[in-house]
Amino acid sequence: MFHPIRHFITITKHRHEVVRLCFKAGIGFQGLFHDLSKYTPTEFIPGAKYYSGKESPNNGERRDTGMSLAWMHHKGRNKHHFEFWYDYEMATKKIVPMDMPDRYIKEMFCDRVAASKTYNKEAYSQESPLLYLTKSTANEKMTERTYRKLLYLLKMLAEKGEKETLRFIRNCKELPQSGFGNE
């Protein structure tokens with residue numbers, strides 16, 4: 001099925017929530033440019049084609065074609081995705097993750113909170129983004145520094161709530177890597 005209207009509504013709802021969160025986190029200008037690539041034909045058409053309302057359309061594209069060109073396009077243009085931060089390491093000749101700058105970790109936090117709200121709907125809780133992260137294999141794919149900074153923020157969200165976490169992000173010049181929650 002082709003669901004351009006449903007897909008448009010979903011991605012726009014998500015984007016608006018990210019923009020709202022970014023403004024509250026003190027990175028509003030950055031939030032205004034969040035995920036604009038989702039509206040390009042390379043991402044939007046597969047998104048509408050594989051839209052189910054239950055999971056990322058990228059998974060449908062992967063099942064159908066063996067890969068997601070929409071995702072490869074998206075992660076290559078959006079610095080708030082840790083997958084953007086891979087480079088060739090000269091010594092080992094391998095592709096390895098690089099540390100993300102804090103401004104993009106902050107946006108990644110906002111993106112994950114907004115995605116949890118958008119896709120979990122009524123089942124969303126302030127623990128949802130943390131649970132999603134800890135059940136994933138992201139810790140194996142990010143640098144330890146990047147992972148620990150994101151984990152710090154998501155633990156704060158789970159324990160202290162959105163308002164306090166966004167206030168902390170807004171006032172924080174350098175994100176901490178430890179010291180919050182069960183560390």
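**Figure 1. Helices that line the largest pocket of the predicted model.** At least two residues of the lining are supplied by each of helix 1 (4-24), helix 3 (41-49), helix 4 (57-65), helix 5 (69-75), helix 6 (102-120), helix 7 (128-135) and helix 8 (138-141), and the largest share, 7 residues, comes from helix 6. The volume of this pocket is about 1200 Å³. Its lining comprises 35 residues, of which Ser-56, Trp-71, His-81, Ala-115 and Tyr-132 are the closest to the centre of the pocket. Sorted by class, the lining of the largest pocket holds 12 nonpolar, 13 polar and 10 charged residues.

**Figure 2. The second largest pocket and its lining.** This pocket has a volume of about 220 Å³, and among the 14 residues that line it, Gln-30, Phe-33, Arg-77, Tyr-104 and Glu-107 are the closest to its centre. Two or more lining residues come from helix 2 (28-32) and from helix 6, with helix 6 giving the most, 3 residues. By class, the lining of the second largest pocket is made up of 4 nonpolar, 5 polar and 5 charged residues.

**Figure 3. Helix 9 and the elements that cover it.** Helix 9, residues 144-160, spans 24 Å from its first C-alpha to its last, close to the 24 Å expected at 1.5 Å a residue for its 17 residues. The helix is mostly covered, with 12 of its 17 residues buried, including Tyr-147, Leu-150, Leu-154 and Met-156 as well as Lys-149 and Lys-155. The cover over the buried residues of helix 9 includes helix 6, helix 7, helix 8 and helix 10 (162-171). Gly-161, which follows helix 9, has a positive phi, near 95°.

**Figure 4. Salt bridges within helix 1 and between Asp-35 and Lys-38.** The structure holds 9 salt bridges. In one of them the side chains of Glu-17 and Arg-20 meet at 2.7 Å, N to O; both residues lie in helix 1, 3 residues apart, about one turn of the helix. Glu-17 counts as buried because its relative accessible area, 17%, is under 20%, whereas Arg-20 is partly exposed at 30%. In the salt bridge of Asp-35 with Lys-38, the closest N and O atoms are 3.2 Å apart, and both residues are buried.

**Figure 5. A salt bridge between helix 9 and helix 6, and a salt-bridge network.** The side chains of Arg-145 and Asp-102 form a salt bridge at 3.4 Å, N to O, and this pair links distant parts of the chain, with Arg-145 in helix 9 and Asp-102 in helix 6, 43 residues apart. Arg-145 is partly exposed, with a relative accessible area of 23%, whereas Asp-102, at 11%, counts as buried. Elsewhere, Glu-17, Arg-20, Lys-117 and Glu-162 are joined into one network by salt bridges that share partners.

Conventions. Residues numbered from 1 in each chain as written. Predicted model: local features only at pLDDT ≥ 70, side-chain atom pairs only at ≥ 80, totals over all residues. Heavy atoms only, no water. 1 Å grid on protein atoms, 1.4 Å probe; cavity = no way out; pocket = protein on both sides within 12 Å on 5 of 7 lines; lining within 4 Å. Points joined across faces, edges and corners; volume = space filled by probe spheres on them. Helix = DSSP H or I, 4+ residues; strand = E, 2+ residues; numbered from the N terminus. Nonpolar A, V, L, I, M, F, W, Y, C, P; charged D, E, K, R; others polar. Expected span 1.5 Å × (residues − 1). Buried < 20%, exposed > 50% of the residue type's maximum accessible area, 1.4 Å probe, protein only. Contact = heavy atoms within 4.5 Å. Salt bridge = Lys/Arg side-chain N within 4 Å of Asp/Glu carboxyl O.
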